[in-house]
Every structure is written in structure tokens, then in C-alpha cells.
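Work through the exercises below with the model open. Try each task before reading its solution.

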Amino acid sequence: MKNGIKLLSVLLASVLLLASCSTMNTSESSMSMDEVSAKTAEQPLGIMSAMDVELAFLLEQATIDEVVSIGGNDFNVGTLEGQPVVIVKAGVGKSLSAACTAILIDEFDVSGIVFTGIAGGVAPEVDITDVVISTHVMFHDYGYFGNDGKVAIGTDFVSKVDVESDADMVEEAYEAAVEVLGEDKVYEGLIATGDQFMANAEYVDYLYNTYDVYAVEMEGASVGYVASQYDVPFVVIRSMSDKADGLAHEAYNNWYSVVSDNSGKIVMQFMKNRAAE
Ligand code: ADE
């Protein structure tokens, strides 16, 4: 009799468990379209930089609820202008920024990525303290380097030479930058990325004349390539600390702090404009 009662209770428990599982499945699969878009609206925006100085202004403005450490990076989860964001310093260079991009997408389900920071101006009209918004990004040091010194960047090595930024984010970033700095100081164009601090006028001419590069830096394309693999929209906002020429080191030391803050101010304006929509 005791065994009978035991068997009955096990059976009853199993039936209840099965019933609750099937309710869970039903409620998940029957999520209404409104619920789905509410979830999307809550996805945070990923905001990334390479160095502390490039993020300092934004971290001061943000409300941070939690810091999650993954793979050597601190992901600051919180809000900017009342909107959900994950703000992270990736570190300098292509590999760290690529890894960090994958984590932002995989672990934080970001709706898009804004990279903010500094760069060297390449197009002759792009001066120190001007801003370049990426229409697209490319690697300038990925490809072939022969005995004759010839450098070739081509489709033999990468699936595409460049990757396009998200058109809406480019427009939003451009508008925000113009609001902060004025139209004369803001450009849209190709940003080239490589694992070198560029301080070579001849190479800068080559980048401009061959690819119509506007600015050169060390992370934008690796963020863009990984984001595009996941179909996540991205834009790079870069403020010029130097002209990537023989005087680049001196100029960089004079300007990196001021122009880092300028880039942060543009991201703030970008968030303000989004909040007002
Ligand atoms: N970031 C700022 N200036 C740079 C330069 N000249 N080369 C690469 N990255 C930079």
C-alpha cells in the first residue's frame, strides 16, 4: 500500500512537471509581435573604444548598474541618456577589438555598435580636431607584401576589401557630430585600420590616392568585419589627433585628450537625439 502511494505521488509529480513544461513552451512560442519588438527595443547599444582616455568622458556621463568582466575586458552595463548601453574598452589593435566585438554581440545581444575614438587624418582636407564618420572600413595591412616592397590589399585574402557601416547610424553620427562641432569639421568616408601607429607621409599619400582613405586607426575595420559577420549594424566615429605623417607623434601627444572627449561628446549627442525620437 505504501509503495502504491509512493508510485501514485511520483506519477502525479511527473504529470505536473510535464504540464508546466508544456505551458512554458506555449508561452515562449506564442510571444506576440508586440512582445518581440519590446524585447528588441530593450537591446543595449554597444559602445566601444581602444583606450581609457577615449571612454573617460562617456563613462562620466553614464549610469553604470553593473560591470561584467569577460576575457580581460570590463563591460559597463548601464544607461546613457536613459537608454541601455554596454560600454567597453577593448584594448589597442585588431585582435582585441575583434574579440571584444564578438563578446558584445554574443553575451550582451547588442542592437548595434558605435566605436568612438581618435585617428590620424589621411585625406588632405581632414585636419587635426576634425571628425570622420565611417561610411565603410577596410584593413590597410592585410594582404601581400613582396620583395619589391609592393603592398597589395585584395580579394585574394579577404572576402571583400571593405565593409559598409550602417547607413542610418552613419547619418545619425554625422548629424550629432555637426551639432557638436559644426559642418566644416565633419567628414564621412573610408576609415583604414592596421596594427601600426601610422607616422609616414608617403604611406598616407598611398592610402589616399589608392583607396580614398579619410582616416587611419587601429580597430575600426576589425569591429566592422566581425559585426558584419553577425549582421549587427555599426559605425565608427573618429576624431583626429594627428595627420599620420612625420609629425604624428608630437601632434598626438598634444591633442589625444581633447579630441577623445570630442568624440565622446558626439556619442552623447547621438544618444540624446535617439532619446528624443
Ligand atoms: N590613432 C591616432 N592617430 C593614429 C595614427 N597616426 N595611426 C594609427 N592610429 C592612430
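The exercises cover the ligand site, the nonpolar cores, one helix residue and the aromatic rings.

The model is predicted: local features need pLDDT of at least 70, side-chain atom pairs count only at pLDDT 80 or more, and totals for chains, interfaces and linings use all residues. Residues are numbered from 1 along each chain as its sequence is written, and side-chain values use heavy atoms, with hydrogens and water left out.

**Exercise 1.** Find the residues that surround the ligand, then list polar contacts to its nitrogen atoms.

Solution.
- Step 1: A residue counts as near if one of its heavy atoms lies within 4 Å of the molecule. The ligand has 13 surrounding residues, and the closest are A119, F197, M198, S241 and D242.
- Step 2: Apply the polar contact rule: a pair of N or O atoms within 3.5 Å.
- Step 3: A polar side-chain atom of D242 is 2.6 Å from a ligand nitrogen. A polar backbone atom of M198 is 2.8 Å from a nitrogen atom of the ligand. For a polar backbone atom of G120, the distance to a ligand nitrogen is 3.4 Å.

**Exercise 2.** Locate the largest nonpolar core and name the element with the largest share of it.

Solution.
- Step 1: A nonpolar core joins buried Ala, Val, Leu, Ile, Met, Phe, Trp, Tyr and Cys residues through side-chain atoms within 4.5 Å. Buried means under 20% relative accessible area, exposed over 50%, partly exposed in between (1.4 Å probe, protein chains only).
- Step 2: The largest core has 33 residues; M48, F75, L104, I113 and V132 touch the most other members.
- Step 3: Helix 4 (94-108) is among the elements supplying at least two residues each. Helices are DSSP runs of H or I, at least four residues, numbered from the N terminus. Helix 4 gives the largest share, five residues.
- Step 4: A second, separate core of 25 residues includes V85, I237, F270 and M271.

**Exercise 3.** Is T101 buried or exposed, and what does T101 contact?

Solution.
- Step 1: T101 lies in helix 4.
- Step 2: T101 is buried because its relative accessible area is 0%.
- Step 3: Contact means heavy atoms within 4.5 Å. Setting aside neighbours within four places in sequence, T101 contacts M48, I113, V223, V226 and A227.

**Exercise 4.** Classify the ring pair of F139 and Y142.

Solution.
- Step 1: Rings of Phe, Tyr and Trp (its six-membered ring) pair if their centres lie within 6.5 Å; planes under 30 degrees apart are stacked, over 60 edge-to-face, the rest tilted. The count is eight aromatic pairs.
- Step 2: F139 and Y142 are 5.8 Å apart centre to centre, with 25° between the planes: stacked.
- Step 3: F139 is buried at 10% relative accessible area, whereas Y142 is partly exposed at 36%.
- Step 4: Ring pairs link F139, Y142 and Y225 into a cluster.

Note on methods: A polar contact is a pair of N or O atoms within 3.5 Å; within protein, one must be able to donate a hydrogen and the other to accept it, and residues adjacent in sequence count only if both atoms are side-chain atoms.
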